[in-house]
Amino acid sequence: MIRSASLPGVRLPVKEGHVDVAFVGADITDAHIRVRAVKRYQVQLLVPAGHPLALRESVRLRDVAGEPFVDMPIGFGQRQTVDDAFTRAELSRRVLIEVSDITTIAEYVAHGLGVALLPPDFATAAGDAVRSVPLADECLSWTLSVVASATRPPTRALHAFLDLIPHHIRRDRVF
């Protein structure tokens, strides 16, 4: 749940030495943290298959501002990306359901409990019950990164772990 390392008061367990490595979905700029991008995700609107917007070629943020949303809790990188986009557009939205597992959001959407702004990769588990609609006025994306301390020397185990990551992250899988 790291939003930004440059914000005062935000704890960074990697920086504090509590953990050696972490996966984050946020932009971190801190001289004490080494950040390695793992995978970049493009964000689109996910709606239930029967939703009025499901057959649109694209939507604007203002088209969906009145919809109920399913999203991650405040502080998660993906959520911050979407919140920032609505703020820039001077729009607000209602997040009715917050879930801590991003891979389950599409299931909530499939059951008609709200819409979501997520990478379409995350909709595959919901099958035909969810449609992905591109955004016309925003190009939203977020990056999954792995972070480690830039001030502590990495152990051999950490090196080995970091070397394995590219072999397990593929385009045909969400993670």
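These legends accompany several close-up views of a predicted model.

**View 1. The whole chain, with its 5 helices and 8 strands.** Let's begin with the overall layout. Reading along the sequence, you will meet the elements in the pattern α-β-β-β-α-β-α-β-α-β-β-β-α. Of the 175 residues in the chain, 42% are buried. The chain exposes about 9600 Å², and carbon and sulfur atoms supply 53% of that area. If you like contact maps, take those contacts that join residues at least 6 apart in sequence: 75% of them link residues at least 24 apart.

**View 2. Confidence along the chain, where the mean pLDDT is 86.** A pLDDT of 70 or more is reached by 90% of the residues. Which elements have the lowest and the highest mean pLDDT? Helix α1 (residues 13-16) has the lowest, at 74, while strand β4 (residues 68-71) has the highest, at 98. Please treat residues 1-10 with some care: their pLDDT is below 50, although this stretch has 23 contacts in the model beyond near neighbours in sequence.

**View 3. The largest nonpolar core, a set of 41 residues.** The residues with the most contacts inside this core are L45, L46, F86, I105 and L117. Strand β8 (residues 141-149) gives the core its largest share, 4 residues. A second core, separate from this one, has 6 residues, including V24, I28, I33 and V147. As a general background, nonpolar side chains tend to be buried together in soluble globular proteins.

**View 4. L117 and its surroundings in the largest core.** With neighbours within four places in sequence left aside, L117 is in contact with V43, Q44, L45, L61, F69, Q78, V82, F86 and L135. Two of these partners, L45 and F86, are themselves listed with L117 among the residues with the most contacts inside the core.

**View 5. D71, a buried residue in this model.** You will find D71 in strand β4. Is D71 buried or exposed? Its relative accessible area is 1%, under the 20% cut-off, so D71 counts as buried. Apart from neighbours within four places in sequence, the residues in contact with D71 are Q78, R79, V82, R93, V95, I97, E98, V99 and I105.

**View 6. I97 in strand β5 (residues 94-98).** I97 is one of the contact partners of D71. With a relative accessible area of 21%, I97 is partly exposed, because buried requires a value under 20%. Not counting residues up to four places away in sequence, I97 touches F69, V70, D71, Y108 and L113. The C-alpha atoms of I97 and Y108 are separated by 8.7 Å, and these residues are 11 apart along the chain.

**View 7. Helix α5 (residues 156-168) and its two faces.** Here is a friendly geometry check: at 1.5 Å a residue, the 13 residues of α5 should span 18 Å, and the end C-alpha atoms are 19 Å apart, which agrees. Which residues of α5 are buried? They are L158, L162 and I165. These three cover an arc of only 45 degrees around the axis, so they sit on the same side of α5. The buried residues of α5 pack against β1 (21-24), β2 (33-42) and β8. On the face turned away from the buried side, α5 carries the exposed residues R156, A157 and H167.

Conventions:
Residues are numbered from 1 along each chain as its sequence is written. This is a predicted model: local features need pLDDT of at least 70, side-chain atom pairs count only at pLDDT 80 or more; totals for chains, interfaces and linings use all residues. Side-chain values use heavy atoms; hydrogens and water are left out. Buried means under 20% relative accessible area, exposed over 50%, partly exposed in between (1.4 Å probe, protein chains only). Contact means heavy atoms within 4.5 Å. A nonpolar core is a set of buried Ala, Val, Leu, Ile, Met, Phe, Trp, Tyr and Cys residues joined through side-chain atoms within 4.5 Å. Accessible areas come from the Shrake-Rupley method with a 1.4 Å probe; for residues, only the protein chains shown count as cover. pLDDT is the predictor's confidence in each residue, from 0 to 100. The expected span of a helix is 1.5 Å times one less than its number of residues. The arc is that of the directions from the helix axis to the C-beta atoms.
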